[in-house]
Amino acid sequence: MVLFYMKKILSYEDLRQYAKILSWALSSQMKNGLKNKDIIVIKYDYPATPLAEALFALLIEKHLHPVMEIALTPAMKAELYINSSYGQLTFHPPGK
């Protein structure tokens, strides 16, 4: 439902402009800015998928390497905390 409203409220061009602002903000916080082939990890929730897609496209155009990570849904989090073992709760994926 939220995604439906996001698409109605924000056009793709609006999302693209927001992605440009996010990219500028990240670049301005780095000593040398964003450089060709930098790796950028983008963590987002499902309702932010349209913005994540716009940001992904922008980063690809800038020859960066976006790594997209979508967060667990509320149902997934509930399942994890209700039915998982201690080993599953304390598991950290390799490389994280």
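I take a residue as buried when its relative accessible area is under 20%, as exposed when that area is over 50%, and as partly exposed in between. I keep in mind throughout that this is a predicted model.

**Entry 1: Asp38**

I looked up Asp38 against that cut-off and found a relative accessible area of 16%, so Asp38 is buried. As for its place in the fold, Asp38 sits in the loop between H2 and strand E1, the strand being formed by residues 39-44. I then listed its contacts, leaving aside residues up to four places away in sequence, and noted that Asp38 touches Met30, Gly33, Leu64 and His65.

**Entry 2: Arg16 and Gln17**

I turned next to helix H2, which covers residues 12-29 and holds Arg16. Gln17 also lies in helix H2. Is Arg16 buried or exposed? Its relative accessibility is 14%, and therefore I entered Arg16 as buried. For Gln17 the relative accessibility is 36%, which means that Gln17 counts as partly exposed.

For Arg16 I also wrote down the partners in contact, again without residues up to four places away in sequence, and these are Ala54, Ala57, Leu58 and Glu61. For Gln17 I checked a distance instead: from C-alpha to C-alpha, Gln17 and Pro74 are 29 Å apart in space, with their positions 57 residues apart in sequence.

**Entry 3: the chain as a whole**

I counted the secondary structure of the protein chain as five helices and two strands, and reading from the N terminus I noted the order α-α-β-α-β-α-α.

How does the radius of gyration of the protein chain stand against that of a compact globule of 96 residues? I found 16 Å for the chain, whereas such a globule would have a value near 12 Å. The C-alpha trace, laid along its principal axes, spans about 40 × 35 × 20 Å. Of the 96 residues in the chain, 22% count as buried.

I also looked at how contacts are spread along the sequence, and among those with a separation of 6 or more, 73% join residues 24 or more positions apart.

**Entry 4: surface and charge**

I noted an accessible surface of about 7500 Å² for the protein chain, with 63% of it belonging to carbon and sulfur atoms. Last, I went through the charged side chains, finding 11 positive and 8 negative ones, and recorded that the centres of these two sets lie 6 Å apart.

Notes: Residues are numbered from 1 along each chain as its sequence is written. This is a predicted model: local features need pLDDT of at least 70, side-chain atom pairs count only at pLDDT 80 or more; totals for chains, interfaces and linings use all residues. Side-chain values use heavy atoms; hydrogens and water are left out. Helices (H or I, at least four residues) and strands (E, at least two) are DSSP runs, numbered from the N terminus. Buried means under 20% relative accessible area, exposed over 50%, partly exposed in between (1.4 Å probe, protein chains only). Contact means heavy atoms within 4.5 Å. The radius of gyration is taken over C-alpha atoms; the globule rule is 2.2 Å times the number of residues to the power 0.38. Accessible areas come from the Shrake-Rupley method with a 1.4 Å probe; for residues, only the protein chains shown count as cover. Lys and Arg count as positive and Asp and Glu as negative; His and the chain ends are not counted. The place of a charge is taken as NZ of Lys, CZ of Arg, CG of Asp or CD of Glu.
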